[in-house]
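Please read the following as a guided walk through one protein chain, taken from its loops and strands to its interior. The aim is to connect local backbone detail with the packing around it.

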Amino acid sequence: MIDSRGTPQRGDHAMNELIEVIFKGRRREYFTNPREIPVQEGDWVIVQADRGVDLGKVHHTSEWVKRDDAPAKLRELLRPAQPEDLEASERNRAKETRAFETAKERIIHRDVDMKLVDVEYQFDGNRITFFFTAEKRVDFRDLVKDLASIFRTRIELRQIGVRDEAGRIGGVGTCGRELCCATWLRQFEPITLKMAKDQGLSPSPSKISGACGRLKCCLRYELDFYKEAAREFPKIGSKLVLAGVEQEVSRVDIFRRTLLLLDESGHETPLALSELPAGTRVVGPTRDRRRGCDKTRCGARGTKPGDGESVKGAKLQFPISEN
């Protein structure tokens with residue numbers, strides 16, 4: 001809230017410095033800094049937590065925090081962490097290992113259909129969070145009672161997805177770099193198989209699946225580039241006539257700027273996009289071809305692949321001007 005003179009009012013985020021603190025498992029939260037404690041990126045700090053305090057590391061200072069993304073109510077940064085706080089945090093990490101084994105034993109004993117992924121101790125020990133994955137909702141009420149009686153503190157069981165699991169555990173992708181979800185990726189966006197198809201990638205699951213078993217998040221990163229580059233080329237499956245011979249565009253190589261043309265005899269000929277005569281009429285691809293119709297499915301409909309009606313408005317003149 002800002003008054004008529006443009007001065008921030010008490011309780012408004014703009015009045016206080018905001019910092020982003022990261023915890024175990026790449027969990028991030030925003031905090032205010034009303035005491036104007038000098039902190040820098042990478043500093044360990046003690047912050048308010050639910051029914052206690054927690055220890056985290058400053059991830060972004062105020063100048064890098066998007067205030068629009070901050071929730072209405074924020075907890076406060078309390079103080080910089082001291083060496084004894086870091087020692088206590090190390091002791092918590094050891095407790096987490098024991099708690100993980102204990103929880104696994106109780107899950108087996110209770111025969112609960114879940115996979116335990118990680119355990120996180122709040123710095124002051126007032127809460128222990130168990131992260132798990134499950135294919136469907138599970139009734140873990142008895143399990144919570146068991147864990148509460150063992151650890152004598154507040155217990156929270158949080159179900160996460162397989163992508164969150166990969167982000168918490170971490171790992172190295174097929175590119176040789178640390179997983180995006182375990183480093184910088186803040187939120188997951190929908191990824192579809194069509195994105196791989198638009199980039200000319202093999203639909204093989206081993207090629208396009210990440211460590212989580214889902215489609216790789218990086219399939220989205222370069223999609224816009226591929227789509228923009230593909231606009232300069234005839235679509236795969238379209239037909240054109242060169243030197244009186246009808247040929248079909250079987251493949252395109254956007255990096256070498258080359259078309260691969262297939263004639264009726266099945267012979268494939270490369271052609272640089274720059275060598276495609278101006279004004280060449282391109283038709284298609286047919287609707288069946290765009291749908292990826294194969295002989296079996298087309299035969300069931302009484303048609304042949306490539307015999308469908310031409311796409312309306314798909315008669316283009318190539319090459320397209322790059323300006």
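Helices and strands are here taken as DSSP runs, numbered from the N terminus, with at least four residues for a helix and at least two for a strand. In these terms, Ala243 has its place in the loop between β9 (239–242) and β10 (245–253). The model is a predicted one, with a chain average pLDDT of 83 and with 83% of the residues scoring at least 70. Over residues 1–11 the pLDDT is below 50, and this stretch has 11 contacts in the model beyond near neighbours in sequence. The pLDDT is likewise below 50 over residues 319–323, a stretch for which 7 such contacts are found.

The loop that holds Ala243 is a suitable place to begin. Most residues other than glycine have a negative phi, yet Ala243, which is not a glycine, has a positive phi of about 55°. Strands β9 and β10 form a hairpin with 2 residues between them, and Ala243 sits in that turn. Because its relative accessibility is 84%, and exposed means over 50%, Ala243 counts as exposed.

The two strands of this hairpin run antiparallel and are joined by 4 bridges, with Val241 standing opposite Glu246 in β10. Strand β9 is also joined by 2 bridges to strand β13 (residues 280–283), again in an antiparallel arrangement, and here Lys239 stands opposite Val283. In a regular strand the side chains alternate between the two faces of the sheet. Along β9, Leu240 and Leu242 point to one face and are buried, whereas Lys239 and Val241 point to the other and are not.

A second positive phi occurs at Arg152, a residue other than glycine whose phi is near 55°. Arg152 lies in the loop between α2 (141–151) and β8 (154–159), and its relative accessibility of 71% places it among the exposed residues.

What lies inside the model? In soluble globular proteins, nonpolar side chains tend to be buried together. The largest nonpolar core has 18 residues, and those with the most contacts inside it are Met114, Ile128, Phe130, Leu147, Phe151, Ile155 and Leu157. At least two residues of this core come from each of α1, β6, β7 (127–133), α2 and β8, and α1 gives the most, with 4 residues. Met114 is in contact with several residues beyond its neighbours within four places in sequence, including Ile107, Phe132, Val138, Leu143 and Leu157. Apart from this core lies another, of 13 residues, among them Phe233, Ile254, Leu259 and Leu261.

Burial is not confined to nonpolar side chains, as two acidic residues show. Glu96 is found in helix α1 (residues 83–110) and, because its relative accessible area is 4%, under the limit of 20%, it counts as buried. The side chain of Glu96 makes a polar contact of 2.7 Å with the side chain of Lys24, and Glu96 also touches Val119, Glu120 and Tyr121.

Asp118 is found in strand β6 (residues 115–121) and is buried as well, at 14% relative accessibility. Which side chain makes a polar contact with the side chain of Asp118? The partner is the side chain of Arg168, at 3.1 Å. Leaving out residues up to four places away in sequence, Asp118 touches Lys24, Phe100, Thr129, Phe130, Phe131 and Arg168. Lys24 is thus touched by both Glu96 and Asp118, while Phe130, another residue that Asp118 touches, is listed within the largest nonpolar core.

Conventions. Residues numbered from 1 in each chain as written. Predicted model: local features only at pLDDT ≥ 70, side-chain atom pairs only at ≥ 80, totals over all residues. Heavy atoms only, no water. Buried < 20%, exposed > 50% of the residue type's maximum accessible area, 1.4 Å probe, protein only. Polar contact = N/O pair within 3.5 Å; in protein donor to acceptor, adjacent residues only side chain to side chain. Contact = heavy atoms within 4.5 Å. pLDDT = per-residue confidence, 0-100. Pairing = 2+ DSSP bridges. Core = buried A, V, L, I, M, F, W, Y, C linked by side-chain atoms within 4.5 Å.
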